[in-house]
Structure formats: structure tokens, C-alpha cells
Amino acid sequence: MSTPLEIYPMTPREIVSELDRYIVGQADAKRAVAIALRNRWRRLQVAPELRDEIAPKNIIMIGPTGVGKTEISRRLARLAQAPFIKVEASRFTEVGYVGRDVESIIRDLSELAADMVREEEEAKVAVQARERAEERILDILYQTPTNPDPDGPETLPETDETREKLRKLLRGGNLDEREIEIEPSQAPQGGMAFEVITPQNLEETGFNIRDALNSMLGGRGDQTRSRKVTVKEALELIAQQEAQGLIDQGKVTEEAVRRVEQNGIVFIDEIDKICGRDASQGPDVSREGVQRDLLPIVEGSSVKTRHGMIRTDHILFIASGAFSLSKPSDLIPEFQGRFPVRVELSALEVGDFVRILTEPQNSLTLQYKALLETERIALDFDESAIQEIATIAAQVNSTAENVGARRLHTIMERLLDDISFHAPERAGTSVAIDAAYVREKLGSILEDQDLSRYIL
């Protein structure tokens with residue numbers, strides 16, 4: 001198996017161009033992640049004896065919330081179709097937090113990779129699995145009484161001709177609502193791995209004490225119960241079961257581990273929240289402790305997961321933080337050294353908000369238009385309305401907490417609240433949103449600064 005990045009390596013310029021379709025501005029950050037992604041392909045072209053020596057150039061993104069740090073990383077992972085996970089560094093400093101450790105990041109990433117590979121493999125065998133499911137459904141239909149009477153059920157005589165007629169009805173959807181009885185899934189579960197269960201790995205291993213005891217006592221519980229479902233539901237359930245049987249679970253695990261090790265991306269948000277400031281006791285010591293716990297994973301170590309040991313040497317780590325009360329140099333030197341690339345993202349201004357509302361393929365205005373089209377309402381945003389919304393977003397961010405582009409979501413919900421609520425009764429109409437409409441809906445809130453802090 002090989003990932004799309006290995007088949008068609010995108011150039012840095014192409015990566016930036018793709019990111020531009022969804023994220024406004026922040027050119028420096030886009031260039032940094034584009035180079036990091038291209039370097040992965042470059043490393044694979046290097047001689048094997050040197051390949052393992054080339055470490056990823058991890059990145060620290062510095063900038064206020066809501067300016068695109070997380071979105072850049074998420075879109076980058078989608079472009080590379082790489083396993084991606086986002087974690088908040090501050091969660092590891094929470095008092096009384098039990099049952100998780102920093103290695104859980106890699107365990108969670110391995111689960112995401114396994115799901116990704118499994119879905120890809122299921123897609124490859126989907127046609128074959130559906131054909132097998134059809135045969136099993138037809139077998140069940142032949143066993144189903146067609147003319148029950150007191151003397152006993154009359155079953156449909158099985159011939160090639162009647163089977164093909166049933167198949168035609170099945171594929172045409174004519175039998176979708178008919179109920180049949182199916183047995184529980186017997187899909188292969190793979191080999192059993194024995195592991196010592198501790199409070200730390202209980203969550204990650206998915207250990208279920210009730211199921212384990214039930215199995216030890218020889219009970220099968222609900223597994224022995226058949227159930228009635230419609231033919232349409234049965235077809236989907238059995239197709240999934242057949243797909244599981246057609247997949248080589250060993251290869252899925254092997255490929256998942258490979259993707260995590262070679263293509264995995266970990267986004268550590270709120271990295272500034274674990275900066276210590278030369279304190280010998282108190283919370284700063286805890287923050288520095290989290291850095292030291294994260295350090296082996298970032299430097300490169302082996303982590304035990306349900307899918308086997310995973311080395312973290314070539315996982316790309318992207319950290320981000322506002323650093324409003326601290327600076328990157330407050331991180332311990334060893335941690336700083338593992339993030340050689342630093343990029344600063346700029347705060348959003350009125351012009352940026354205008355572009356965010358109109359340019360991206362998933363812009364908010366397009367999203368709301370599509371949502372209300374489902375109610376047969378045509379929503380039209382005038383340029384003056386876009387400008388007014390952007391101005392209000394910038395104004396509220398400057399007077400209240402600056403949450404960047406996330407402010408637009410709050411404003412748009414407040415602006416379209418009345419239309420969204422009454423949409424079913426206004427089907428077949430069109431609504432024009434202009435600057436006057438925006439001021440009418442939001443003007444009174446903006447005038448009351450205390451109120452705008454809570455509502456916008």
C-alpha cells in the first residue's frame with residue numbers, strides 16, 4: 001500500500017494553492033507547512049542509510065486564536081491523507097486528571113490511522129462484499145414463509161429463474177421494506193493480544209470487563225439473538241460484515257503503523273499554556289513537567305499501542321499558541337530545539353473578514369445560503385452587508401475577547417436568527433441582506449457594550 005502523497009507528490013506551490021482555497025492570508029504559515037510536507041517526500045527519495053537520520057522540522061505557530069492555525073494543519077493532513085490528531089497541551093496539567101498520559105496521543109493517532117486504512121480497504125472490496133451480501137439475503141428470502149397457513153409455512157421453491165427474479169427485485173429496491181430475520185455478525189475479529197490492563201491503558205485498549213467476564217463464563221449474551229430488520233438494513237449490515245471478512249486485518253494493522261510513523265501529524269494546541277517561568281514550585285513546575293513528558297515523543301521514542309510498537313521519530317509535530325503572556329523562549333531549551341521552524345500568524349482585520357466571508361470554497365455565506373436553500377429560501381448577501389458584518393466582527397474583537405474568525409459564526413447566527421426560525425413558513429421566498437438589515441439586527445447590541453460581550 002502507498003499513500004497518495006507518495007504516488008503524486010504535491011509541490012510546495014501546489015500545497016499553498018490548495019490551502020488558499022480554504023484559508024485566507026497567513027502566507028508564511030502556509031509556506032512553512034508546505035515545505036514540511038514536501039520534505040517528507042524528499043526524505044523517501046534519499047538513500048536508506050541517510051533516510052532515517054533526517055528528522056522532520058517541527059513547527060511552532062504563534063498567533064491569536066481564530067486566525068487559522070488549526071485549520072492550516074487540518075487541511076494539510078487532508079491534502080496528504082495523513083493520520084492527524086489535535087490535542088490541547090493544557091489538558092495534561094489539569095488537576096485530578098486521571099487515566100491519560102502523553103503517550104495516549106500516539107495511541108489515539110494509531111486508532112485513527114487504522115480506521116483510515118480499514119475504510120480504504122473496505123472501499124476496494126465493496127462491490128464483492130455487496131455481491132456476497134446479496135447472495136446471503138437471497139438465501140434468507142428463500143427460507144422466509146411466502147404463504148403461512150395452519151398446516152405449516154410454504155417456502156418459495158428455489159430455481160435459477162426465481163432466484164434471478166428475486167435478485168432483480170432486490171436490486172430495484174422493491175424488497176427494501178420487507179422484514180427478514182438475520183443472525184448476529186460473525187465477522188473475523190483477528191488474533192487476540194494479551195496485555196496487562198492498567199488504569200492508564202484501560203481507555204486506550206477498549207477493554208470491556210463485562211464482555212470479558214461473559215466470555216470467560218461461556219455466555220454469549222446478545223450474540224446468540226437474531227433480530228428482524230428490513231431488507232435494506234440487512235443488506236448494509238451483511239455487506240459490512242462481508243467486507244470485514246475480505247480484508248486482511250494484518251495488512252491493515254501493518255499499513256496503519258507505517259502511516260503513523262512516516263506520515264502522522266500531531267497538532268499540539270495551547271502550547272503556551274505549559275510554559276514555565278523560572279518557578280521552583282507551584283503550577284509552573286507542572287507545566288514544565290508536561291513539556292518533559294512530551295519531549296521523548298517529539299524527540300523520537302517507541303510507544304506501545306494496540307496495533308504494535310510505533311516509533312515517533314518521523315511524525316510531524318505542529319505546536320501553536322497565542323503566547324500573549326509568555327514567549328517561545330519560556331519553553332525548556334530541549335523542547336524549543338525540537339521545533340526549529342517558527343512562524344507568526346497575524347491578527348485578522350476588516351479586510352480579512354471580508355475575504356473570509358466570500359473567498360473560501362466553504363465560506364460562511366455559502367454555507368448559510370445552502371442551509372436555507374433546503375427550506376426553499378433564496379438568501380442574497382449584498383456587498384454592503386459583507387462589509388458591515390466584517391466591520392462589526394473587527395469592532396467586537398477589539399473591544400471584547402479577540403477570538404478571530406470565530407466571531408463571524410456568532411455574528412452570523414445572531415443576524416440570521418429570525419430567518420432561520422421562520423424559514424419553514426417562508427418557503428419559496430427570497431431574502432436580501434444589506435447593510436441596513438445588518439445594522440437593524442445588530443445595532444442595538446453593539447450600542448450596549450456590556451450586552452455585546454455576552455451575545456457577540
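**Reading the cores and two odd glutamines**

Guide: In this predicted model, the largest nonpolar core holds 57 residues, and I318, L379, M412, L416 and I433 have the most contacts inside it.

Visitor: Which helix gives the largest share of this core?

Guide: That's α17, spanning residues 383–399, which supplies seven residues.

Visitor: Let's zoom in on one residue. What does L379 touch, leaving out residues up to four places away in sequence?

Guide: A contact here is a pair of heavy atoms within 4.5 Å. On that basis, L379 reaches Y368, K369, L372, L416, I419, V431 and I433. Two of those names, L416 and I433, also turn up among the residues with the most contacts inside the core.

Visitor: How many residues are in the second core?

Guide: There are 41 in that separate core, with I62, V125, V252 and V257 among them.

Visitor: On to the backbone. What is the phi of Q26?

Guide: Look at the sign, then at the residue type. Phi of Q26 is near 55 degrees, so to speak a positive value in a non-glycine residue. You'll find Q26 in the loop that links α2 (12–20) and α3 (27–45).

Visitor: Is Q26 buried or exposed?

Guide: Buried counts as under 20% relative accessible area. Q26 is buried because its relative accessibility is 9%.

Visitor: Where is Q81 found?

Guide: Q81 sits in the loop between α5 (69–80) and β2 (84–88). Its phi is positive too, about 50 degrees, although Q81 is not a glycine.

Visitor: Why does Q81 count as partly exposed?

Guide: Partly exposed covers the range between under 20% and over 50%. Q81 has 37% relative accessibility, so it belongs there.

Technical notes. Residues numbered from 1 in each chain as written. Predicted model: local features only at pLDDT ≥ 70, side-chain atom pairs only at ≥ 80, totals over all residues. Heavy atoms only, no water. Helix = DSSP H or I, 4+ residues; strand = E, 2+ residues; numbered from the N terminus. Buried < 20%, exposed > 50% of the residue type's maximum accessible area, 1.4 Å probe, protein only. Core = buried A, V, L, I, M, F, W, Y, C linked by side-chain atoms within 4.5 Å.
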